[in-house]
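User: Hi! Could you walk me through reading a sheet, one feature at a time?

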Amino acid sequence: MDIFDLIGPIMVGPSSSHTAGAVRIGHAARKLLGEAPAEAKIYLHGSFAATGRGHGTDRAIIAGLLGMAPNDQRIPDSFDIAAEQGLKFSFGEKNLRNAHPNSALIELKAKSGNKISMIAASIGGGRIQVRNLNGMALCFSAEQPTLIVKNADRPGSVADVSRTLAELGINIATFQVSRDSRGGEAIMVIECDDTVKPETIEKIRRTPGILSAAFIDSNREVEN
């Protein structure tokens, strides 16, 4: 057992589940979008909906969307900072079927027109699980360096990405694949033993059939 399982994460706020985990949920959504969001619709479920605002869950999620880490002293001021940076956001409540009590549905849109929809849960101690991305069921925590690749569902895509990582000496720890329909779009979730450099991610993005690629590493949460 890790010492942080006992004492929790270093954070700003009253609750590791409702605050630290909420920051990480927002941060994961920003990383998956691949750029700063311009619009955000956030729907809270279960305990998040019932008590989240009192714990600062709403401000924590916005802080994560702005690129902050759980120990950022600006988290209580995230609404004001979002207004300064032009991020438009709204909150609502939604009953998410079979979801963890501390769950949120986040819908993001960037100025480029890029969009994502993500359901994630705060499972305790500041840890999170992403459970759904763009309507596709999956499950990852980003506790290891994690590469998320969206691709056209066609033969060879998994091999192409695996080959690129192997050529660069990046070992794969776990590999998940989900798709919306045969021949439609698919998502690869690749947990790696080592960090994935920006140039590697860009090489994967240029691979035929790859629609997007994003990288999340909760050990490197602070953005420049």
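User: In what sense do β3 and β4 pair, and over how many bridges?

Analyst: Happy to help, and keep in mind that this is a predicted model. Pairing rests on bridges, and two strands need at least two of them to count as partners. Here β3 and β4 are joined by 7 bridges and pair in the antiparallel sense. To find your place in that pair, look for E107, which sits opposite S117 in β4. The hairpin of these two strands has 5 residues between them, and G113 there takes a positive phi near 100°.

User: Which strand does β1 join through 7 bridges?

Analyst: That is β3, with β1 and β3 running antiparallel. E39 faces K109 in β3.

User: What is the order of the strands in the sheet, and which strands stand at the edges?

Analyst: The 6 strands form an open sheet, ordered β2-β1-β3-β4-β5-β6, with mixed pairing. At the edges stand β2 (88-93) and β6 (136-140); each has a single partner strand, so one side of each lacks a neighbour in the sheet. From one strand to the next, the twist averages 20°.

User: Which helices pack on the sheet?

Analyst: Helix α3 (residues 46-55) does, touching β1, β2, β3 and β4, and its direction makes about 105° with that of β1. Helix α4 (residues 57-65) packs there too, touching β1, β2 and β3, at about 140° to the direction of β1.

User: How many residues of β3 are buried?

Analyst: Buried means under 20% relative accessible area. In β3, 6 of the 8 residues are buried, so the strand is largely enclosed by the rest of the structure.

Conventions: Residues are numbered from 1 along each chain as its sequence is written. This is a predicted model: local features need pLDDT of at least 70, side-chain atom pairs count only at pLDDT 80 or more; totals for chains, interfaces and linings use all residues. Side-chain values use heavy atoms; hydrogens and water are left out. Helices (H or I, at least four residues) and strands (E, at least two) are DSSP runs, numbered from the N terminus. Axes are lines fitted to C-alpha atoms, for helices over the stretch in contact, and angles run from 0 to 180 degrees between N-to-C directions. Contact means heavy atoms within 4.5 Å. Buried means under 20% relative accessible area, exposed over 50%, partly exposed in between (1.4 Å probe, protein chains only).
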